[in-house]
Amino acid sequence: MTGTAGGFGFEVVTRLDGDRHGRAGVIHTPHGDVRTPAFVPVGTKATVKAVLPEMLAQLGAQAVLANAFHLYLQPGPAIVEAAGGLGAFMNWPGPTFTDSGGFQVMSLGAGFKKVIAMEVSTLKTDDAASARGRKRLSRVDEDGVGFRSPIDGSKHRFTPEVSMGVQHALGADIIFAFDELTTLVNTREYQESSVERTERWAQRCLDEHALLTAGRSGKPYQALFGVVQGAQYEDLRRAACRGLAAMRTEAGDGFDGYGIGGALEKHAIGEIVGWCASELPEDAPRHLLGISEPEDVFAAVEAGADTFDCVMPSRVARNGAIYTASGRYNVDQARCRTDFTPLEDGCDCYTCEHYTKAYLHHLFKGKEMLAATLATIHNERFTVRLVDAIRDAILQGTFDEFRAEFLGGYRRRT
Ligand SMILES: [Zn+2]
């Protein structure tokens, strides 16, 4: 679907040259525009941990992505809805996203980490992805996923309809279809049946979304993105994209955009995004779920990803890992104890303008809460600024030069 249904729309401003699908554009939402490519910080439970929304806006974040599964468990979608929706509840006036909860529900049965980019070599067997040594907390069937709450063990069920209901109550501007997540070590046969099930679930999401949208007059339009699965298989990814692109409600409405989900091997990110971008409608935005490492960002943007989210910049910040243009380092290491320079020379973030490595080192050693806040501000600013610079380079026709320069410096010391 294109145009500006209820305040939602997407425009492509400039494309990369050659047969590449990367581009700069603008996503319009009822709560403001997102200039793309854009990095979307993750506020899983309606908060980007340790950071005030005002500071997030100041460091250049354009949107925030929260998680339907976590907000379903606590405080419950009815409370967020009664507060006026996710943005009002968390005091974030800009655009918001929620992911469907599928990832977290499946992860209860799979036991892998929240970051999608993974190395197959670290997964030893098919079972490595299936809750090794842990009680399996979720089971997938044709209708949806039954699971036990990781908070209190109570029984729950997520289906496409439940996910849509939860995400409509949460009220984010961009929401995602409920999909089945597989891992890189599931068999080809399982991947095929999973892609087919995800497609059936996508149709149910689209139909339920249309019903719920019709019933929410007076509230801002929520854009629904279909999610492409298919793991590392080109034919499965392409078929999944064609299926989602052609999917319609009885009234003829399709998806407003597309998410590229599932496990991606790090070296294959560009290739897989490229397959999807060449099959998906050119005039719809594409979101890549779960990447933020600089080389992954360049590869994904070049191949056609418009927005992406990741917990990594804030998660590693809370452990003292600091991103810089020359690579990552830990500020709790001994050499930072007496270093009175900023976390990164030349960084324009609040932390670097006011504090030193020695102070951050002290905060981390003392387990002070401010450590997480200051480190998170820097890492989120680093990622937002990198993606802003990539967008500028696309607009100026200097993407390749900028990538060579940036990654040359980034790799040299990592
Ligand atoms: Zn900084």
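Q: In β3, which residue is the bridge partner of Ile27?
A: In this predicted model, Ile27 has Val34 as its bridge partner in β3. A bridge partner is read together with the pairing of the strands that hold the two residues. Here β2 and strand β3 (residues 32–36) pair in the antiparallel sense over five bridges, and a hairpin of two residues joins β2 to β3.

Q: Which strand do six bridges join to β2, and in what sense does the pair run?
A: The strand is β1, and the two run antiparallel. Within this pairing, Gly9 has His28 of β2 as its bridge partner.

Q: How many residues of β2 are buried?
A: Five of the seven residues of β2 are buried, so that strand is mostly covered.

Q: How does one read the two faces of a strand, for example which residues of β6 point one way and which the other?
A: One lists the residues by the direction in which they point and then considers burial on each side. In strand β6 (residues 96–99), Thr96 and Thr98 point one way, while Phe97 and Asp99 point the other way. All of these residues are buried.

Q: In what sense, parallel or antiparallel, does β5 pair with β6?
A: Strand β5 (residues 64–67) pairs with β6 in the parallel sense, over four bridges. Ala66 stands opposite Thr98 of β6 in this arrangement. Strand β11 (residues 174–176) also runs parallel to β6, joined to it by two bridges, and Phe97 stands opposite Ile174 in β11.

Q: Why does the radius of gyration of the protein chain agree with that of a compact globule?
A: The general idea is to compare the chain with the value expected for its length. For 414 residues, a compact globule would have a radius of gyration near 22 Å, and the protein chain has 21 Å, which agrees. The C-alpha atoms fill a box of roughly 65 × 50 × 50 Å along the principal axes. Within the chain there are 15 helices and 18 strands, and buried residues make up 49% of the 414 residues.

Q: What share of the contacts with a separation of 6 or more comes from residues 24 or more positions apart?
A: Such residues account for 71% of those contacts in the protein chain.

Q: Which domains does the domain assignment give, and how far apart are their C-alpha centres?
A: The assignment gives domain 1 (5–310) and domain 2 (321–412). Their C-alpha centres lie 27 Å apart. Across the boundary, 25 residues of domain 1 are in contact with 23 residues of domain 2.

Q: Which elements each supply at least two residues of the side of domain 1 that touches domain 2?
A: They are β1 (9–15), β2 (23–29), β4 (38–41), α1 (53–58) and α10 (294–303). The largest share, five residues, comes from α10. By residue type, this side of domain 1 divides into 16 nonpolar, five polar and four charged residues.

Q: Where does the largest nonpolar core lie, and why?
A: In soluble globular proteins, nonpolar side chains tend to be buried together. Here the largest nonpolar core has 115 residues, and those with the most contacts inside it include Val64, Phe225, Cys276 and Leu360. Helix α14 (residues 369–396) gives the most to this core, twelve residues. The core lies between domain 1 and domain 2 because both give residues to it.

Q: Which residues does Cys276 touch, not counting those up to four places away in sequence?
A: On that basis, Cys276 touches Val228, Arg237, Cys241, Ile260 and Arg286.

Terms used. Residues numbered from 1 in each chain as written. Predicted model: local features only at pLDDT ≥ 70, side-chain atom pairs only at ≥ 80, totals over all residues. Rg over C-alpha atoms; globule rule 2.2 N^0.38 Å. Buried ≥ 20, exposed ≤ 12 C-beta atoms within 10 Å, placed from the backbone. Contact = placed C-beta atoms within 7 Å. Domains from an automatic or database assignment. Nonpolar A, V, L, I, M, F, W, Y, C, P; charged D, E, K, R; others polar. Pairing = 2+ DSSP bridges. Core = buried A, V, L, I, M, F, W, Y, C linked by C-beta atoms within 7 Å.
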